[in-house]
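Here are my notes for someone opening this model for the first time. Have the viewer ready and follow the points in order.

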Amino acid sequence: MRSVLSYMNPLNAFSKGQNNDKLRQEAQYEIINFEFVSNDYQPIYERWNKYDEKEYKYAQELTLDDIEDIYLGSYDQLTQTIIEEQNLVDYVLQEDDTLYGLQIKFNITQNRILKINDISPDCLLPGMKIKVPKRNEIQQQEQEQVKNESYFGRNTMDEIMNKGTSKKFTVFYITQVGSIEGTITINQDILLFDPEINDYNQNLALQQKKQSILQFQACIMNDDILIADLIDLPNRISRNKNRCFKDYLIKIYLKQSAKFKKLKIDQPIQPVVTFRISNEDPKQFLQKSQEFHESILDILKDKLDHNEQLEQKDTDFTVIPYYDIESEELYEQYLIRTNFIWGGQEFIPQMMSQSSILSSDEFIEIVAHIPSLFKTCNWQLVFSNIIHGSSYHTLLNNCQGKNPLILVIKDLKDHKFGAYLSEEPKLSFGKFYGNGETYLWTFNDDEFHTFRWTEKNNDFQYCEQDGIAVGCGDKFGIYINNSLLYGYSQKCDTFDNPPLSSEGDFNIKVIEIWGLSD
């Protein structure tokens with residue numbers, strides 16, 4: 001910082017009894033320029049022989065006392081900075097340290113920590129040595145006094161974060177303004193959310209007119225948590241990929257009696273905050289979501305067991321920048337807020353009829369692999385042996401003029417499999433028809449598998465008076481007898497699939513065909 005003040009010093013002195021106003025007009029002046037620089041605490045002056053009218057008028061009004069006050073004010077501020085820097089001590093970052101925790105622990109702003117150490121927030125790593133203010137005797141006495149109080153008293157952040165073990169999860173903080181990426185740290189007393197320093201969060205902060213990404217931080221004392229639920233959202237289809245995704249959210253219900261710094265409760269409502277694990281691997285995603293949920297439940301159970309005979313005291317560390325109110329509309333809001341994470345399409349296709357075989361999530365798994373043109377369409381039941389009976393003729397009539405179609409079979413051993421048919425079943429008189437969009441699918445041990453065209457042949461669909469077949473080689477990939485009671489599934493060259501049923505031959509329990517809704 002560089003500050004410059006100019007003072008007009010008369011070269012000929014004024015004396016009492018003289019006409020000083022006249023002398024001022026005739027006097028010659030030297031200009032003393034006081035320059036203040038952050039790393040130099042002595043005034044610097046230069047001489048000029050010329051000055052303009054504004055400088056002259058300013059010099060007439062300015063006295064040496066004014067200069068002294070201005071200079072000493074800046075000097076005091078710089079001196080205070082020097083004293084502060086002299087009182088800094090080395091501190092080694094621990095595994096569970098966060099900027100928010102350091103702010104509370106050392107009574108210093110987060111920006112000041114970064115400025116003192118000349119670092120950015122994403123440079124803070126465990127084992128790193130940084131400069132922090134030295135704690136004075138009063139702070140140390142207060143800390144010792146807190147240690148002698150009940151465990152459930154107003155603990156310092158240092159005591160809180162050093163108690164027991166901590167767990168960290170990479171999450172999205174699901175809010176009204178967007179899904180904020182970051183890391184959440186959980187220990188026996190507190191949940192701390194630290195936003196990640198990245199372009200998405202930075203743009204989000206600018207949109208919300210936040211001075212810093214750090215203003216997205218959230219802190220929840222475990223005493224303020226009522227319960228936590230693991231909720232699942234319906235399967236949704238990726239916009240540009242042949243896959244679907246399943247979302248799980250950790251929904252934390254907060255006590256209305258808590259003293260929130262940024263949560264004003266003036267009426268009987270149920271505040272909630274929601275997080276989502278950040279992991280694209282479906283298996284790890286569910287596993288981590290369950291681990292996150294169970295970690296909160298374990299802490300709440302330990303608190304309850306430990307707190308049975310103890311009087312609960314209020315805590316005021318809870319800070320929540322965004323929260324929701326429990327309502328019927330909140331579930332739909334979750335779908336909208338989380339949709340961008342996987343790049344999901346906005347519309348979720350629906351089954352307009354009840355299926356006796358597939359759940360909604362299983363149906364979405366199948367639709368996720370069909371051509372994009374039909375991914376946003378609703379589907380209706382065209383044929384079911386439970387509704388329409390085991391009439392092969394009725395099946396062909398109901399499918400007439402409808403394509404594409406989804407064939408769904410459930411055998412007597414409850415195995416689910418079928419095919420996506422690019423064209424309707426119709427008598428082909430010994431010829432194959434259809435195109436390469438046709439594929440076979442199966443749910444094997446609750447995992448969905450598809451088998452697509454290998455380009456070895458064009459034997460996609462076949463239909464005669466005795467039955468329907470999909471895929472061929474030495475044998476059909478799927479064959480259904482015209483009785484609609486039995487069939488078989490074998491490996492075929494068209495799709496290079498294994499037998500889709502538990503055994504080659506199968507007995508049909510339920511058969512359904514689905515087409516596009518009108």
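1. A word on names before we start: helices and strands here are DSSP runs, with at least four residues for a helix and at least two for a strand, numbered from the N terminus. Keep in mind that this is a predicted model. With that naming, find Y433: this tyrosine sits in the loop between β17 (416–421) and β18 (439–444).

2. Now the overall picture. The protein chain contains 13 helices and 24 strands. It has 518 residues, and 46% of them count as buried. If you take the contacts between residues at least 6 apart in sequence, 63% join residues at least 24 apart. The exposed surface comes to about 28,000 Å², with carbon and sulfur atoms supplying 46% of it.

3. Back to Y433. Is this loop residue buried or exposed? Its relative accessible area is 12%, and the cut-off for buried is under 20%, so Y433 counts as buried. Leaving aside residues up to four places away in sequence, Y433 touches E423, E424, P425, K426, S428, F460, Q461, Y462 and C463. One more landmark: the C-alpha atoms of Y433 and D459 are 7.0 Å apart, although 26 residues separate the two along the chain.

4. Look next at what the side chain of Y433 does. It reaches the backbone oxygen of E424 at 3.0 Å. A polar atom of the Y433 side chain also lies 3.2 Å from the backbone nitrogen of K426. K426 turns up again at the ring: this lysine lies over the face of Y433, at 5.3 Å from the ring centre. A second arrangement of this kind involves Y439, where R452 lies over the ring face at 4.7 Å from the centre.

5. Stay in the loop between β17 and β18 and move to F429, which is found there too. What is unusual about its backbone? F429 has a positive phi of about 55 degrees although it is not a glycine. Most residues other than glycine have a negative phi, and most peptide bonds are trans. As for its surroundings, F429 has a relative accessible area of 68%, and the cut-off for exposed is over 50%, so F429 counts as exposed.

6. L484 is worth a look alongside F429. L484 also has a positive phi, about 60 degrees, without being a glycine. You'll find L484 in the loop between β22 (478–481) and β23 (486–488). At 1% relative accessibility, L484 counts as buried, whereas F429 is exposed.

7. There is a peptide bond to check as well. N403 and P404 are joined by a cis peptide bond, with omega about 0 degrees. P404 lies in the loop between α13 (392–399) and β16 (405–411).

8. On to the aromatic rings. How many aromatic pairs are there? The count comes to 19 aromatic pairs. Take F432 and Y462: their ring centres are 5.1 Å apart and their planes meet at 45 degrees, so the pair is tilted. This pair links distant parts of the chain, with F432 in the loop between β17 and β18 and Y462 in strand β20 (residues 461–464), 30 residues apart. F432 is partly exposed, at 29% relative accessible area.

9. Set that beside F476 and Y479, an aromatic pair that is stacked, with 5.9 Å centre to centre and 15 degrees between the planes. Both F476 and Y479 are buried. Elsewhere, ring pairs link F169, Y173, F193, F275 and F292 into a cluster.

10. Finish with β24. Which strands pair with it? Strand β15 (residues 379–384) is one of them, running antiparallel to β24 (residues 505–516) over five bridges; here S384 stands opposite E512. β16 pairs with β24 in the antiparallel sense over seven bridges, and L405 has G515 as its bridge partner in β24. β23 and β24 are antiparallel too, over three bridges, with G487 partnered by F506 in β24.

Technical notes
Residues are numbered from 1 along each chain as its sequence is written. This is a predicted model: local features need pLDDT of at least 70, side-chain atom pairs count only at pLDDT 80 or more; totals for chains, interfaces and linings use all residues. Side-chain values use heavy atoms; hydrogens and water are left out. Buried means under 20% relative accessible area, exposed over 50%, partly exposed in between (1.4 Å probe, protein chains only). Contact means heavy atoms within 4.5 Å. Accessible areas come from the Shrake-Rupley method with a 1.4 Å probe; for residues, only the protein chains shown count as cover. A polar contact is a pair of N or O atoms within 3.5 Å; within protein, one must be able to donate a hydrogen and the other to accept it, and residues adjacent in sequence count only if both atoms are side-chain atoms. Rings of Phe, Tyr and Trp (its six-membered ring) pair if their centres lie within 6.5 Å; planes under 30 degrees apart count as stacked, over 60 as edge-to-face and the rest as tilted. A charge sits over a ring if NZ of Lys or CZ of Arg is within 6 Å of the ring centre and within 35 degrees of the ring normal. Two strands pair if DSSP finds at least two bridges between them.
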